[in-house]
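Dear colleague,

Here is the structure I promised to pass on, with my notes on how its chains meet set out below it. Please read them with the coordinates open beside you.

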2 protein chains.
Amino acid sequence: MSVLIDRRDLDFVLYELLNIEHLAQTSRYEGQDRALYEATIDAAETLAEEQFATHAAESDEHEPKLEDGKVKLIPAIKQATDAYVEAGFMGMSMDAEAGGMQLPWTIAQACAAYFCAANIATIAYPFITIAAANLLSKFGSEAQKARYLAPLVEGRFFGTMVLSEPQAGSSLADIRTRAVPTDDGHYLITGNKMWTSAADHELSENIIHMVLAKIPGGPPGVKGISLFIVPKFLVNDDGSLGERNDVRVAGLNHKMGYRGTVNAVFNLGEQGGAKAWLLGEAHQGLSYMFHMMNEARVGVGLGAVALGYSGYLHSLKYARERPQGCHPGNKDPASPQVPIVEHADIRRLLLAQKAAVEGGLALALYCAQLIDIERTTEDAAYRDRLNLLLDLLTPIVKSWPSEFCLEANKHAIQILGGYGYTRDYPLERLYRDNRLNPIHEGAHGIHGLDLLGRKVSMRGGAALEALFVEMEATLIQARALDSLSEAVAQLEQAREQLAATTATLGALRDGGQAPRAMANAGIYLDVFGHVVIGWLWLRMAVIATREAAETRGSEQDFYSGKLQAAQYFFRYELAKVGERLALLAAADDTCLTMQDRWF
Amino acid sequence: MSVLIDRRDLDFVLYELLNIEHLAQTSRYEGQDRALYEATIDAAETLAEEQFATHAAESDEHEPKLEDGKVKLIPAIKQATDAYVEAGFMGMSMDAEAGGMQLPWTIAQACAAYFCAANIATIAYPFITIAAANLLSKFGSEAQKARYLAPLVEGRFFGTMVLSEPQAGSSLADIRTRAVPTDDGHYLITGNKMWTSAADHELSENIIHMVLAKIPGGPPGVKGISLFIVPKFLVNDDGSLGERNDVRVAGLNHKMGYRGTVNAVFNLGEQGGAKAWLLGEAHQGLSYMFHMMNEARVGVGLGAVALGYSGYLHSLKYARERPQGCHPGNKDPASPQVPIVEHADIRRLLLAQKAAVEGGLALALYCAQLIDIERTTEDAAYRDRLNLLLDLLTPIVKSWPSEFCLEANKHAIQILGGYGYTRDYPLERLYRDNRLNPIHEGAHGIHGLDLLGRKVSMRGGAALEALFVEMEATLIQARALDSLSEAVAQLEQAREQLAATTATLGALRDGGQAPRAMANAGIYLDVFGHVVIGWLWLRMAVIATREAAETRGSEQDFYSGKLQAAQYFFRYELAKVGERLALLAAADDTCLTMQDRWF
């Protein structure tokens, strides 16, 4: 039994829920087929198990060290990233003309699920590199691409994203790093950065830093932020490495989890200025970053799902093997112990995990598919609608798994009891790793503000409308199935209440009461996520209802499990949203009116 | 600003909510007064800050090591426990005739809150010793007390509780450790124990192990368990130390948190048998342990509260100091940043913590006071009623803070963002430490079974009735205050629905459907806790309403904060129970009917 991701479930999502093979009918993915996708995922699963899972505990226990100004990692990390590069995964979803395999991003995310479940700290190095390469590919000049892109795709260079500063985390408008133009076509950057992941290491020959900085004289706030390429070693015209640039890791952050990932205080320009090249146009830096953010945030959500998923499978395995106690009502002290999976409360903890991680996986891959379709469709109106939908779902896909798959990890620990609390099992590490996800790539509260303050009302509520159209399509199918009538009624009611609450809060905001309308945005984010996950569970239940009737044996068990998890989600989770939406609709101001001095 | 426990709040609970000075009117606490209690707590606060908080990060980073069969701790732990012993805290609540200070257990718990908030891993050594001493004091023979009790109270000996085995955690009925009588009046014990905290160390001259074992030929299951005294070094008649007993730490558990506390695989009798002396009567071991369990479980709950409390104060301090972003609606990029405590979502995360930790503190000290009154009252009927109430509340006081103050720690990390995720701040450690609390002293699910399966129905529901009488007393006071009418209505409704749901599930169980009635006991536990905490918040709100009207300045701020936190708890938390109780009343069988093969 694999303890990373359930392959049967992954296949269900890809081929039964999303019908991902359809992408092969587009020109970008022409000639591809399910067999190719399966072989790719097979390779990822094997590599994840054999090279990534194997050192997850070791790299957690022996975190990166700064010695003589250099960052030292345990050797197993380089061995794993080398194997990843060698297998061609770095360019998996990149354009063929850039040296990539040009596979759908959804397939890349399916593979990513295995790597994240196996060792999210080690896979971070390639993933940040891929993000940097994508930025370069999209916004770099031809000359820049010629110089940097191929080595990134080939894994000879790795990349980073250098955004936050000690005083500017959630609020990038406040960054102070300065980029001063020179007469030689480059800029000189000085500044102190914070939270830079993969800021330094020796996994690759060179590191290409993507750095946000302000050009003096530019507009204030976010409109004055530009994006720069800052190589660790300058790259000569012939591709050889030149001088060491003026960038330095000044200290390492010692984290709760994700310990294998270098995360650093990163200083630029201590010796006079780091040589930097403007990417795209001046003052457009943040908009370039935002172009990549939907993908990055789907990636964070997928990572949270993967950590939750592996915890679920570990705890399921344990619950099947561990004898303890006997059935309720059995008072005979001589009766043998039963495996704890027999206990209703253990099943509840398992069902809660199953509902969260399978629902989360469906959401993450659904969003990944939106990106693929958006990238390939020739129908502009359709693309626009998917774009809206993706913009709306981005805060959800980033935040819902970060919250509820972390909760799943908590349940997994509980099933193992004392053992789950020890480092002999990976559960506590998964939980520690997952605790990062509500923090990075936009803290949870920020996404609440984004969703309620911007996304649901943009273009007259068109994105919300697009989501409701998708929900209605599912409801139409579900209404034909008697066994789903309870779930249908519940989702209909939740959707209506969500729409009404959103309208109420929108009117309040437009009526000059924005602070009050926004005061509970964090709760709105969670509730909205529950409705979305409820919709996806209904979609899955529609398929499972049909298939459970037509299959036997382990296949029927699989679909029966889907139906039971859907029922769990509706009765135990979606049932909560009515009360939360009522709280929101009342625009409760308890938090808003709380005074600092009262704490 | 202290970042352990808010002393103003602690004083509020002790002197305004519980009127703890009244205990001094009983013969046991005669001559004591508030000044004595305050001085004792002052001393605890200072000691906690100066000797315990100071090495919390260090002992987390450098956990105990097993070298040449001996357990090595960092020196700061011994320095702290020595100071604790020297200040007389070990015997704080013990009888004067045993060398103790005979202070109320409530005051001991108030002091404990500081030590737990400062360093829960180090204070575990004295606390386990106190528990062992209490067992000895209550059930030991005069000869045993003469030999072991004084050294324990004086801190020359430390103690342990040796209960679990690798195959018997939640299910003590299954322990296999055997105690065979000899002709010399002692027994020889052989067995392998697990999860033994403080199993070995060099903090004291000797360690007195309290060991559960079965005497061959005794009844099966829990009725055949006896309790034994097993000293690490035998104690001669003159009190000097004799031979090393046959007990050995075979390995250390490497935990997620509580890292400073030795937790071990502990083997007895590898050389033929550990010399052991029966405590009390044969086969009564578990009932003796149960006598101590109410106290132990109040202690766990109090510890969970303290960890949550310190996280709350740390995050509040940070929120007041950290500038980031500006007020909603302010679009001027040149406007200065505001402290994040100004943001509504941060206030929500702070209020959620405040409601949980102050509610939890009230509950833990309320239960501690029940123990004190029960111990001192001469009114048998009153004692009986308090006994019932305490039995009912024990699963709540152990479990509710373990769940919701852990959640509070999660919020505290979130307020600090990336900083909260690093080991430079104590938040992530508090969170890791707190994750143990739902696991030890009876796992969360076990307490759900205890509450729903036994406590609410014992003696015809007399305990539940006793709780409702207490609630009604509060409601009578609250009904006189118009500003509390919303809360009153909410608590009345919750109480009625809880009573009705409990009756429904009881009828189902008595009707032969016990498994279904018990299937959601874990949820019942959480909901019941919410109703109890809601009641305590109403009690606090009654006092705060009166005082807020009659005070000014910082005192008025304090009471205004209490009222706002009460409002938060009612609207944002207690509001959830209606839906949960409906789920319970429906006796939903989704978890029960889930099949292993469907996962």
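What you have is a predicted model, and the notes concern the interface of chain B and chain A. Of the interface residues of chain B, 100% are also interface residues in chain A, so the copies meet through the same surface. Chain B is superposed on chain A by a rotation of 180 degrees with 0.0 Å of shift along the axis, at an RMSD of 0.0 Å, and that is the relation of a two-fold axis.

As for the extent of the interface, 87 residues of chain B are in contact with 88 residues of chain A, and the two chains bury about 8100 Å² between them, with 55% of that area on carbon and sulfur atoms. Three aromatic-ring names are worth finding on your screen, namely B:Tyr421, B:Tyr572 and B:Phe599, which supply 11% of the area that chain B buries against chain A, more than any other three residues.

The polar side of the interface deserves a look as well. The rule finds ten salt bridges across it, and B:Glu403 forms a salt bridge with A:Lys410 in which the closest N and O atoms are 2.6 Å apart. Residue pairs in polar contact across the interface number 59, counting those with both residues at pLDDT 80 or more. On the side of chain B that touches chain A, helix H16 (residues 553–573) of chain B gives the most, with eight residues, while by class that side has 36 nonpolar, 25 polar and 26 charged residues.

With best wishes

Technical notes
Residues numbered from 1 in each chain as written. Chains lettered and ligands numbered in written order. Predicted model: local features only at pLDDT ≥ 70, side-chain atom pairs only at ≥ 80, totals over all residues. Heavy atoms only, no water. Least-squares fit on C-alpha atoms with pLDDT ≥ 70 in both. Contact = heavy atoms within 4.5 Å. Buried area = accessible area lost by both parts, 1.4 Å probe. Salt bridge = Lys/Arg side-chain N within 4 Å of Asp/Glu carboxyl O. Polar contact = N/O pair within 3.5 Å; in protein donor to acceptor, adjacent residues only side chain to side chain. Helix = DSSP H or I, 4+ residues; strand = E, 2+ residues; numbered from the N terminus. Nonpolar A, V, L, I, M, F, W, Y, C, P; charged D, E, K, R; others polar.
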